[in-house]
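Q: I have a model open and would like to learn how to read it. Can we go through it feature by feature?

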Amino acid sequence: MPLLDVENVSRRFGGLVALDKVAFSVSAGQIKSIIGPNGAGKTTLLNVVSGLLSADTGRIQFRDSRIDGLKSHQIAQGGMSRTFQNPSLFLQMSVLENVMVGRHPRTRCGFAACCLRLPGQIREERRIRESALEHLRFVGLEGMAGAPAGALGFGERRMVELARALATEPSLLLLDEPASGLNNRETADLGELIRRIRERGITTLLVEHDMSLVMDISDDILVLHNGTPLAEGAPAVIQNNEEVIRVYLGTGLEDAAASQKS
Amino acid sequence: MGDDSLFLQYLLSGITKGSIYAVVAIGFNLIYSATGVLNFAQGEFVMLGGMIAVTLCAFLPLPVAVAAAVVIVALTGCLLEILFFRKLRHHTIMHMIIITIGLSIVIQEVALHLWDEKVRSLPYFSGSEVSSIRIFGASVSPQVLWVLGTVAVVVVLLHAFLRYTLQGRAMRACSSNPDAAMLSGINISNMRTLSFGLSAALGALAGCVISPITMTHYEMGAPLAIKGFAAAILGGLGNPMASVVGGLLIGVIEAFSVSKLPAAYNDVTAFALLLLMLFVRPHGLFGSPSGESVREV
């Protein structure tokens, strides 16, 4: 039984078919990547899976229950967490607070108990803080805990967002182009970090354009083209798939080389 | 009475009125941050708080009546959000703002029918209308101290709530970035309801403490809503604590304008200030021009 099972999912925006009968699955413990040219529907797919958009047809099964039609916060509480291509932080709050918010689905606290600062509540708050610090340490940003999130650089914001996503203790982590805007060294560190996330027992579904990163860390790759799956398989298989090379990898690899030079 | 004590008298009366504007402005801000809606029925919460407390006071001790009024109005606020806003998510913000104006009118009419057009008031919380305390030569009603004390405590508690509690943090997260908050497992709909409840409770409490001084009647809400709105704009929308400065500023300027201008110009100063602010610095004294607090209306 796969951890995430997407069946027959379609989504259109007016006349534009963004996703057309997409089906794939992610097994527990995998690092799976979704690649494809711009406009292939990768981000739409992540939005549908995480509940930000609804699917027009199809079903999505996560940890043995259907999640299509659920609200985003319910899906998050069920153990799925994600990051965005442009880090989506609470800019007016501190770095630590951002990650503390990630603990929300793993804490129980009634409104009254919160306001009255009952002793149990104060202990809970301390646990939230410690756990948030631990996740910041994991991404290497514990030194920035007190800084306002709005003051961070792009790469750091991405790491804070990742720490917040991890703080929800997900079983499935969705990463939307985590390497975009990062330099080579940062990208290498990111690959290492994603491997360490897997060691923690977290499954990762990755949308990414950086082919060296994708080929390096993925167990399995899904290629999307014009909203439909074009190919699926291990990196070696995808790299040698003629269809994939024709529509994407040929140009994709050149793009990657060009961006590395700049 | 010397010039100094007269000055102090005006200042204190300004601060008293201003602190009520501040509470209304905080209510505006809480709802605006969580939902993007400017709730023009905010003043009705103040009126309802006063009215219900006056009614309950007939057969309950004063503190119990005030507490009950605050709870009842808070629940009313939650109920209004669930009935009128929760289901209307896909409508534009402008629609929802117009709904709040409609609600304000309906609540006024309901209040007129439930009670009547008589002016009522709660008894003084301590002392009576003739007792006064002298501070640096100015005579101050003890109720003024009740108003200032209550508002100060409320502001501090609210700040602590938003800053140091799980729910408060979740509320700030929702106002800062609703999508990210949702994906962090926060139920935004509930946070929106909570913001209405909290604003209503604040308004009701203000309505109770101010009642012995300004009296309570069914029409008192709308002017307060407008002054509170001006205070919120002046401080900068999206920052509840800036509303306190905005409210006090409007209250004090209003009080001093009475000393220089004919009394009929009392309301003019607040609106002149509001217009000036909108022309010169539309994001308010403490807002940032490009900040997250500015939403598309």
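Q: Which residue in β9(A) does S33(A) stand opposite?
A: This is a predicted model. S33(A) has I221(A) opposite it in β9(A). The two strands concerned are β3 (residues 31-35) and β9 (residues 220-225) of chain A; they run parallel and are joined by four bridges.

Q: In what order do the strands of the open sheet in chain A lie?
A: A sheet is read strand by strand, from one neighbour to the next. Here six strands of chain A follow the order β6-β7-β8-β3-β9-β10, with mixed pairing. β6 (80-82) and β10 (228-233) of chain A are the edge strands; each has a single partner strand, so one side of each has no neighbour in the sheet. On average, neighbouring strands of this sheet are turned by 20° against each other, direction ignored.

Q: Which strands does helix α6 of chain A lie across?
A: For a helix on a sheet, look at what is touched and at the angle. Helix α6 (residues 154-167) of chain A lies across β6 and β7 (172-176) of chain A, at about 160° to β7(A). Helix α7 (residues 184-199) of chain A also packs on the sheet, where it touches β3, β7 and β8 (203-207) of chain A. The direction of α7 makes about 150° with that of β8(A).

Q: How is chain A divided into domains?
A: A domain may be built from separate stretches of sequence, as the bounds here show: domain 1 is 1-79 + 172-186 + 195-262, and domain 2 is 90-169. Fifteen residues from domain 1 of chain A and ten residues from domain 2 of chain A make the contact.

Q: How much area do domain 1 and domain 2 of chain A bury between them?
A: About 1,100 Å², with 62% of it on carbon and sulfur atoms. Q77(A), R196(A) and R200(A) supply 39% of the area that domain 1 of chain A buries against domain 2 of chain A, more than any other three residues. Between these domains there are zero salt bridges, but three residue pairs are in polar contact.

Q: How many residues of chain B are in contact with chain A?
A: Read an interface from both sides: 24 residues of chain B touch 32 residues of chain A. The buried area between the chains is about 2,500 Å², and carbon and sulfur atoms give 63% of that. L166(B), R169(B) and L183(B) supply 30% of the area that chain B buries against chain A, more than any other three residues.

Q: How many salt bridges cross the interface of chain B and chain A?
A: Three. In one, R169(B) pairs with E125(A), and the closest N and O atoms are 2.7 Å apart. Eight residue pairs are in polar contact across this interface. α6(B) gives the most to the side of chain B that touches chain A, with seven residues.

Methods: Residues are numbered from 1 along each chain as its sequence is written. Chains are lettered from A and ligands numbered from 1 in the order in which they are written. This is a predicted model: local features need pLDDT of at least 70, side-chain atom pairs count only at pLDDT 80 or more; totals for chains, interfaces and linings use all residues. Side-chain values use heavy atoms; hydrogens and water are left out. Two strands pair if DSSP finds at least two bridges between them. Axes are lines fitted to C-alpha atoms, for helices over the stretch in contact, and angles run from 0 to 180 degrees between N-to-C directions. Contact means heavy atoms within 4.5 Å. Domain bounds come from an automatic or database domain assignment. Buried area is the accessible area (1.4 Å probe) that two parts lose on being put together, summed over both. A salt bridge is a side-chain nitrogen of Lys or Arg within 4 Å of a carboxyl oxygen of Asp or Glu. A polar contact is a pair of N or O atoms within 3.5 Å; within protein, one must be able to donate a hydrogen and the other to accept it, and residues adjacent in sequence count only if both atoms are side-chain atoms.
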